Amino acid sequence: NMKAVIVGCGNIGTAVAKFITAQKQIKLSVLVDENTEAALLLRKKLKANSTQIKSLHDAIHKCDLIIE
């Protein structure tokens, strides 16, 4: 499985995250947003075990795919 990072947890990031969580071959592993509350809210909405990491630099090393 590929590990994906979503950068930006607003409207577009939410739509992309919902799509990714429906895929069997991709795991949403990290949510990144300057607004920590937005990332936490999206993780809660998705009921995902995604790890929210504020730093994009840190997230890059934990994934196979970055979506901005």
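Begin inside the protein, with Leu-28 and Leu-31 selected: these residues have the most contacts within the largest nonpolar core, a set of 13 residues. The model on display is predicted.

Next, colour the elements that line this core. Those that give two or more residues to it are β1 (2-7), α1 (11-21), β2 (26-32) and α2 (36-46). Of these, select α2 in particular, since it gives the most to the core, with four residues.

Now move to Val-5, Val-7, Val-30 and Val-32. These valines are included in a second core, which is separate and has seven residues.

**The cysteines**

Select Cys-9 and Cys-63 and display their side chains. How many disulfides does the structure hold? The number is zero. A disulfide is a covalent bond between the sulfur atoms of two cysteines. To see why Cys-9 does not form one, locate the closest cysteine sulfur to its own: it belongs to Cys-63 and lies 14 Å away, which is too far for a bond. Such a pair would have to be within 2.5 Å to count as a disulfide. Repeating the check from Cys-63 leads back to Cys-9, whose sulfur is the closest cysteine sulfur, again at 14 Å and too far for a bond.

With both side chains still displayed, turn to the surface. Are these cysteines buried or exposed? Cys-9 has 7% relative accessibility and therefore counts as buried, the limit being under 20%. Cys-63, at 16% relative accessibility, also counts as buried.

**The whole chain**

Switch to a cartoon view and follow the chain from its N terminus. The elements appear in the order β-α-β-α-β-α-β, and the chain has three helices and four strands.

Then orient the model along its principal axes. The C-alpha atoms fill a box of roughly 30 × 25 × 20 Å. The radius of gyration of the chain is 10 Å, which agrees with the value near 11 Å that a compact globule of 68 residues would have.

Contacts may be displayed next. Among those between residues at least 6 apart in sequence, 54% join residues at least 24 apart.

Finally, show the molecular surface. The chain exposes about 4500 Å², and carbon and sulfur atoms supply 53% of that area. Buried residues make up 38% of the 68 residues in the chain; Cys-9 and Cys-63, visited above, both count as buried.

Key
Residues are numbered from 1 along each chain as its sequence is written. This is a predicted model: local features need pLDDT of at least 70, side-chain atom pairs count only at pLDDT 80 or more; totals for chains, interfaces and linings use all residues. Side-chain values use heavy atoms; hydrogens and water are left out. A nonpolar core is a set of buried Ala, Val, Leu, Ile, Met, Phe, Trp, Tyr and Cys residues joined through side-chain atoms within 4.5 Å. Buried means under 20% relative accessible area, exposed over 50%, partly exposed in between (1.4 Å probe, protein chains only). The radius of gyration is taken over C-alpha atoms; the globule rule is 2.2 Å times the number of residues to the power 0.38. Contact means heavy atoms within 4.5 Å. Accessible areas come from the Shrake-Rupley method with a 1.4 Å probe; for residues, only the protein chains shown count as cover.
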